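Work through the exercises below with the sequence and the model open. Try each task before you read its solution.

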Amino acid sequence: QVQLVESGGGLVQTGGSLRLSCAASESISSINNVGWYRQAPGKQREMVAAITRGGTTTYRDSVKGRFTISRDNAENTVLLQMNSLKPEDTGVYYCNTFPLPNSWGQGTQVTVSS
């Protein structure tokens with residue numbers, strides 16, 4: 001089972017940007033679909049964005065136009081560029097296979113202050 005490790009979170013102000021990185025333990029090109037998920041305090045985990053092996057992307061409505069998911073097969077990473085961040089984007093962000101996730105890693109904390 002491939003291991004995915006998240007990084008890049010932090011504390012930003014409303015309107016700021018962050019770039020999250022998901023590093024794979026093996027070739028990322030061997031994974032069909034990779035998704036970024038997030039879990040806000042007291043809420044269920046939700047899918048934020050996903051990308052297929054061929055590069056087709058999908059986003060939840062609340063992040064469309066602000067977030068961009070991409071995959072770098074050479075670096076074995078999946079990136080999530082987050083712009084125009086809002087307080088409601090606060091949460092722990094995870095990467096995992098999509099739509100059926102494997103075991104969850106520790107995630108990376110994103111906090112957007114108002």
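**Exercise 1. The disulfide**

Task: How many disulfides does the structure hold, and which residues form a disulfide?

Solution:
- Start with the count. This predicted model holds one disulfide.
- Identify the partners. Cys22 and Cys95 form the link, with sulfur atoms 2.0 Å apart.
- Apply the cut-off. A disulfide needs a pair of cysteine sulfur atoms within 2.5 Å.
- Find the hand. The angle about the S-S bond is 75°, and the link of Cys22 and Cys95 is right-handed.
- Place both ends. Cys22 sits in strand 3 and Cys95 in strand 9, so the bond ties together parts that lie 73 residues apart in sequence.
- Recall the chemistry. A disulfide is a covalent bond between the sulfur atoms of two cysteines.

Task: Are Cys22 and Cys95 buried or exposed?

Solution:
- The cut-off for buried is under 20% relative accessible area.
- Cys22 has a relative accessible area of 0%, so Cys22 is buried.
- Cys95 has a relative accessible area of 2%, so Cys95 is buried.

**Exercise 2. The four-stranded sheet**

Task: In what order do the four strands of the open sheet stand, and what is their pairing?

Solution:
- Read across the sheet. The order is 1-3-8-7, and the pairing is antiparallel.
- Look at the ends. Strand 1 (4-7) and strand 7 (67-72) each have a single partner strand, so one side of each has no neighbour in the sheet.
- Take the angle. Neighbouring strands of this sheet are turned by 15° against each other on average, direction ignored.
- Check one pair. Strand 1 and strand 3 (residues 18-24) run antiparallel and are joined by four bridges.
- Find a contact in that pair. Leu4 stands opposite Ala24 in strand 3.

**Exercise 3. The six-stranded sheet**

Task: In what order do the six strands of the open sheet stand, and which strands stand at the edges?

Solution:
- Trace the order. The six strands run 2-10-9-4-5-6, with mixed pairing.
- Find the edges. Strand 2 (10-13) and strand 6 (57-59) each have a single partner strand, so one side of each is left free of a neighbour in the sheet.
- Take the angle. On average, neighbouring strands of this sheet are turned by 20° against each other, direction ignored.
- Look for the parallel part. Strand 2 and strand 10 run parallel, joined by four bridges. Leu11 has Thr111 in strand 10 as its bridge partner.
- Move to strand 9. Strand 9 and strand 10 pair in the antiparallel sense over three bridges. Tyr93 stands opposite Thr108 in strand 10, and Gly91 has Val110 as its bridge partner there.
- Cross to strand 4. Strand 4 (residues 33-39) and strand 9 (residues 91-97) are antiparallel, with six bridges. Gln39 stands opposite Val92, and Tyr37 has Tyr94 as its bridge partner.

**Exercise 4. Covered and uncovered residues**

Task: How many residues of strand 9 are buried, and which residues of strand 10 make up its covered face?

Solution:
- Begin with strand 9. Seven of its seven residues are buried.
- Turn to strand 10 (residues 108-113). Its covered face holds Thr108, Val110 and Val112.
- Take the other face of strand 10. Gln109, Thr111 and Ser113 are uncovered.
- Add a loop residue. Asp89 lies in the loop between strand 8 (77-82) and strand 9. Its relative accessible area is 1%, so Asp89 is buried.
- Gauge a distance. Asp89 and Trp36 are 53 residues apart in sequence, and their C-alpha atoms are 13 Å apart.

**Exercise 5. The largest pocket**

Task: What is the volume of the largest pocket, and which residues lie nearest its centre?

Solution:
- State the volume. The largest pocket has about 170 Å³.
- Count the lining. The pocket is lined by 15 residues, and Gln3, Leu4, Ser103, Trp104 and Gly105 lie nearest its centre.
- Name the elements. Strand 1 and strand 9 are those that give two or more residues to the lining.
- Sort by class. The lining has five nonpolar, nine polar and one charged residues.
- Zoom in on Leu4. Leu4 belongs to strand 1. Its relative accessible area is 12%, so Leu4 is buried.
- Finish with a pair from the lining. Leu4 and Gly105 are 101 residues apart along the chain, yet their C-alpha atoms are separated by 7.1 Å.

Notes. Residues are numbered from 1 along each chain as its sequence is written. This is a predicted model: local features need pLDDT of at least 70, side-chain atom pairs count only at pLDDT 80 or more; totals for chains, interfaces and linings use all residues. Side-chain values use heavy atoms; hydrogens and water are left out. Two strands pair if DSSP finds at least two bridges between them. Axes are lines fitted to C-alpha atoms, for helices over the stretch in contact, and angles run from 0 to 180 degrees between N-to-C directions. On a 1 Å grid over the protein atoms alone, a cavity is a set of points where a 1.4 Å probe fits but cannot get out, and a pocket is an open set with protein on both sides within 12 Å along at least five of seven lines; lining residues have an atom within 4 Å of a point. Grid points are joined across faces, edges and corners, and a volume is the space filled by probe spheres set on the points. Ala, Val, Leu, Ile, Met, Phe, Trp, Tyr, Cys and Pro count as nonpolar, Asp, Glu, Lys and Arg as charged, and the others, Gly among them, as polar. Buried means under 20% relative accessible area, exposed over 50%, partly exposed in between (1.4 Å probe, protein chains only).
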